[in-house]
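Trainee: Could you pick one part of this model and walk me through it closely? I'd like the cut-offs along the way.

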There are 2 protein chains.
Amino acid sequence: MSSKATPSMLGRALLALIHRSPSSGYDLRKLFAESHLHHFSSSPGAIYPALQRLENDALIQGTVEQIDTLRPRRVYRITPRGLAALRAWLECRVTREDVVSNIKDLTLRFACMGGHLDDAATLRFLDGIVTELAPFVAELEEFARTGTGDLPVHGRLAVKSGLAQYRSFLEWAREARNHFQEGETGG
Amino acid sequence: MSSKATPSMLGRALLALIHRSPSSGYDLRKLFAESHLHHFSSSPGAIYPALQRLENDALIQGTVEQIDTLRPRRVYRITPRGLAALRAWLECRVTREDVVSNIKDLTLRFACMGGHLDDAATLRFLDGIVTELAPFVAELEEFARTGTGDLPVHGRLAVKSGLAQYRSFLEWAREARNHFQEGETGG
DNA sequence: CGATACATGTAACCGGTTACATGATTTT
DNA sequence: AAAATCATGTAACCGGTTACATGTATCG
């Protein structure tokens, strides 16, 4: 049935985790609840429907294990289709939209690349962030310098807060890029 | 009817803007579309229903102007109830939850304080951020130092990215606090 | 025997996204 | 006359939140 192209952010996170190792809904809930990966809900009302959607789209495949033991677990594994979707998500070009509005998503993407994409792909990703984010930060800086004259103090400071966040992410991307370049120079 | 306590983030933003100056839905859409305040949608499907909810809760009051001119505008004004709700939102204590998960919301709150709360209240707010955020950042730093040994490189770097964001916001809050303290010393 | 952990789900609600729908006014 | 802008809305859809519902296994 439904061949929806793009799962939600939660769906993508689940897909990546299931790819790393086959898991049940309960496993994944525990992961979210215990880990320092906040901004993900561990509520069953979010996770189980998300898993069902992924299975409807044939990105994962659930099989019930331990039927005899009266404590059955529905364990999900990624499908070839799911692997393709995951790869497409991880490898797609970074846009300005992404760096302006989806920093959480980018961080998630980065975390999911580990052990899946090679260092060259990671480098392309980080380069993409720097390429898109640097001019935006420059624009914001320009705006903070010249465009906030009519704004009240609170407004000016609020702009500075946003700017600081973006700048910090840009710096992180540059450092991470350097990190991966060092490991890559040998080709 | 419905006396819902807390409007959504969009609702709160609209409430604050309407408080600043009475506005129509169209005015507000333009504001969101043009301003550097991203992370707010200017789509009519978001704004008009949000305004209706605010009016249902008697936080704002709409009156049609220019009925004769064949181009009527529904202009909203804040009500006493709305003013109370706005004040309650702006003045409520900053929690750990807030600094961990709702940084956008805190920034919005700060921006909305301008010209509405006095500097003492702003100081309390910024102090609250520092008080709640500093220990959390310390914990995260501790975790980044000692707890990420089993994580792959990507995971470690992703944690660092989050940490950098929080640290940046904490620094901003400290600087802003200093800014307001200087202006307040004469009290 | 009661609490906690294991394990999976559903249902109502809420609010944002996207797209559609309508029609007047001003500008080119 | 066409295009852009003013101005307001609705309807379908999607997905997260909250709360509810169910039952077993294990530990103290």
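Mentor: Strands are DSSP runs of E, at least two residues long, just as helices are runs of H or I with at least four, all numbered from the N terminus, and two strands count as paired if DSSP finds at least two bridges between them. Keep in mind that this is a predicted model, where local features need pLDDT of at least 70 and side-chain atom pairs need 80 or more, while totals for chains, interfaces and linings use all residues. On bookkeeping, residues run from 1 along each chain as written, chains are lettered from A and ligands numbered from 1 in written order, and side-chain values use heavy atoms, without hydrogens or water.

A quick warm-up in chain A: A:Gly62 has A:Tyr76 of S3(A) as its bridge partner. S2(A) and S3(A), residues 73-78, run antiparallel over six bridges. They sit in an open, antiparallel sheet of three strands ordered S1-S3-S2. Its edges are S1 (23-24) and S2 (60-65) of chain A, each pairing on one side only.

Now the part I'd pick, the interface. Counting contacts as heavy atoms within 4.5 Å, 29 residues of chain B touch 29 of chain A. The buried area is about 2600 Å², with 68% from carbon and sulfur atoms; that's accessible area (1.4 Å probe) lost on putting the two parts together, summed over both. B:His154, B:Leu157 and B:Gln165 supply 25% of what chain B buries there, more than any other three residues.

No salt bridges turn up across the interface (Lys or Arg side-chain nitrogen within 4 Å of an Asp or Glu carboxyl oxygen). There are seven residue pairs in polar contact, both residues at pLDDT 80 or more; the rule wants N or O atoms within 3.5 Å, one able to donate a hydrogen and the other to accept it, and residues adjacent in sequence count only through two side-chain atoms.

On chain B's side, the elements giving two or more residues are H6 (103-113), H7 (119-146) and H8 (153-184). H8(B) gives the most, 15 residues. By class, that side has 17 nonpolar, 10 polar and two charged residues, with Asp, Glu, Lys and Arg as charged, Ala, Val, Leu, Ile, Met, Phe, Trp, Tyr, Cys and Pro as nonpolar, and the others, Gly among them, as polar.

Finally, symmetry. Superposed by least squares on C-alpha atoms with pLDDT of at least 70 in both copies, chain B lands on chain A at an RMSD of 0.0 Å after a 180 degrees turn and a 0.0 Å shift along the axis. That's a two-fold axis. B:Gln165 comes closest to it of chain B's residues, at 2.9 Å (C-alpha). And 97% of chain B's interface residues are also interface residues in chain A, so the copies meet through the same surface.
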